[in-house]
Amino acid sequence: MSQIDYSLESYNRPKLETPNGEKKLLMHSCCAPCAGEIMEALAASEIETTIFFYNPNIHPFDEYELRKEENIRFAEKLGMPIIDADYDRDEWFARTKGQENEPERGKRCTTCFDMRFQKTAKYASENNFDIISSTLGISRWKDMKQINDSGARSSQPHNVPYWDFNWRKQGGSSRMLELSKKENFYQQEYCGCVYSLRDTNNWRVSKGRDKIERGVKFYQEAKLKLSQLD
């Protein structure tokens with residue numbers, strides 16, 4: 001049995017539909033590499049989508065600005081509206097106080113997801129959106145159940161349904177990487193928060209590797225280096 005080719009050039013995208021035919025989607029985005037494939041899929045499906053960039057977990061501020069501008073650039077390329085929400089960094093630190101040493105995918109991540117989904121759902125409710133979703137789940141570094149549980153829980157008080165579509169399926173994660181190389185997105189090497197940066201750097205040092213150098217690595221450069229090794 002031949003394997004299906006899910007690559008960007010070969011994949012015939014099915015037309016997606018929201019769970020109950022909802023018309024207006026507010027899509028929380030964490031970054032352009034995660035959002036790109038999802039945004040293209042939604043555009044191809046003609047679902048009326050607005051991107052909501054709200055990520056007070058991303059530190060320091062220059063890292064936040066770089067990730068945000070990457071997402072704005074791609075949204076403008078697709079002609080897709082994007083909301084630049086408040087940064088709220090102080091509130092994020094207040095909520096995660098006492099969770100500084102939680103592991104990745106632990107309680108701090110749940111707190112972080114809850115904060116972002118609550119803001120997304122509140123904005124959706126106040127601005128006549130029918131449904132919300134998020135790009136967070138496409139990354140294999142994340143716990144999809146943890147994300148979806150947070151989305152469903154956080155959206156309920158605002159009476160806006162959460163769409164828990166599995167964006168990884170049918171090659172979604174692979175196309176995410178393809179598109180990131182094609183668009184030469186910034187290749188961030190940690191989740192976003194200072195604690196993730198700290199823990200990633202500690203792990204790298206323990207393995208004899210250099211610490212992360214922020215703001216300099218892009219996907220096309222990584223692709224070029226791999227081709228030079230072939």
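Two strands count as paired if DSSP finds at least two bridges between them. The views below are close-ups of a predicted model.

**View 1. An open sheet of 4 strands.** The strand order is β3-β2-β1-β4. Pairing in this sheet is parallel. Strands of a sheet pair through backbone hydrogen bonds, either parallel or antiparallel. The edges are formed by β3 (82–84) and β4. Each of these edge strands pairs on one side only. From one strand to the next, the twist averages 25 degrees.

**View 2. The pairing of β2 with β3.** Strand β2 covers residues 48–53. It is joined to β3 by 3 bridges, and the two strands run parallel. Look for Phe52: its bridge partner in β3 is Ile83.

**View 3. The largest pocket.** This pocket holds about 980 Å³ of space. Its lining is made up of 35 residues. Those closest to the centre are Trp141, Gln188, Glu189, Tyr190 and Cys191. Four elements are named as giving two or more residues to the lining: α1 (32–44), α4 (107–126), α6 (172–183) and α7 (194–206). The most comes from α7, which gives 5 residues. By class, the lining has 14 nonpolar, 8 polar and 13 charged residues.

**View 4. The largest cavity.** The model has 3 cavities of 30 Å³ or more. The largest has a volume of about 80 Å³. Asn57, Trp92, Glu104 and Arg108 are among its lining residues. So are Cys109, Cys112, Phe113 and Arg116. Cys191, Cys193 and Ser196 also line this cavity. Helix α4 gives the largest share of the lining, 5 residues. The lining divides into 6 nonpolar, 2 polar and 3 charged residues.

**View 5. The second largest cavity.** Its volume is about 50 Å³. Ser133, Ser134 and Gly137 are among the residues that line it. The lining also includes Met144, Ile147 and Asn148. Further lining residues are Tyr162, Trp163, Asp164, Phe165 and Trp167. Two elements, β4 (131–134) and α5 (144–155), give two or more residues to this lining. Helix α5 gives the most, with 3 residues. The classes here are 6 nonpolar, 4 polar and 1 charged.

**View 6. Cysteines without a disulfide.** The structure holds 0 disulfides. Cys31 is in none; the nearest cysteine sulfur, that of Cys34, is 3.7 Å away. A disulfide needs the two sulfur atoms within 2.5 Å, so a pair must meet that cut-off to count. Cys31 is buried, with a relative accessible area of 4%. Now turn to Cys191. The closest cysteine sulfur to its own is in Cys109, at 5.8 Å, which is too far for a bond. Cys191 is partly exposed, and its relative accessible area is 28%. Both Cys109 and Cys191 appear in the lining of the largest cavity. Cys191 is also one of the residues closest to the centre of the largest pocket.

**View 7. A cis peptide bond at Pro60.** The bond joins His59 and Pro60. Its omega is about -5 degrees. Pro60 sits in the loop between β2 and α2 (61–78).

**View 8. Arg105, with a positive phi.** Arg105 is not a glycine, yet its phi is positive, at about 75 degrees. The residue is found in the loop between α3 (89–95) and α4. Arg105 is partly exposed, with a relative accessible area of 41%.

**View 9. Gln170, with a positive phi.** Gln170 is not a glycine either, and its phi is about 50 degrees. This residue lies in the loop between α5 and α6. Gln170 is partly exposed, with a relative accessible area of 37%.

How values were computed:
Residues numbered from 1 in each chain as written. Predicted model: local features only at pLDDT ≥ 70, side-chain atom pairs only at ≥ 80, totals over all residues. Heavy atoms only, no water. Buried < 20%, exposed > 50% of the residue type's maximum accessible area, 1.4 Å probe, protein only. 1 Å grid on protein atoms, 1.4 Å probe; cavity = no way out; pocket = protein on both sides within 12 Å on 5 of 7 lines; lining within 4 Å. Points joined across faces, edges and corners; volume = space filled by probe spheres on them. Nonpolar A, V, L, I, M, F, W, Y, C, P; charged D, E, K, R; others polar. Axes fitted to C-alpha atoms, helices over the stretch in contact; angles between N-to-C directions.
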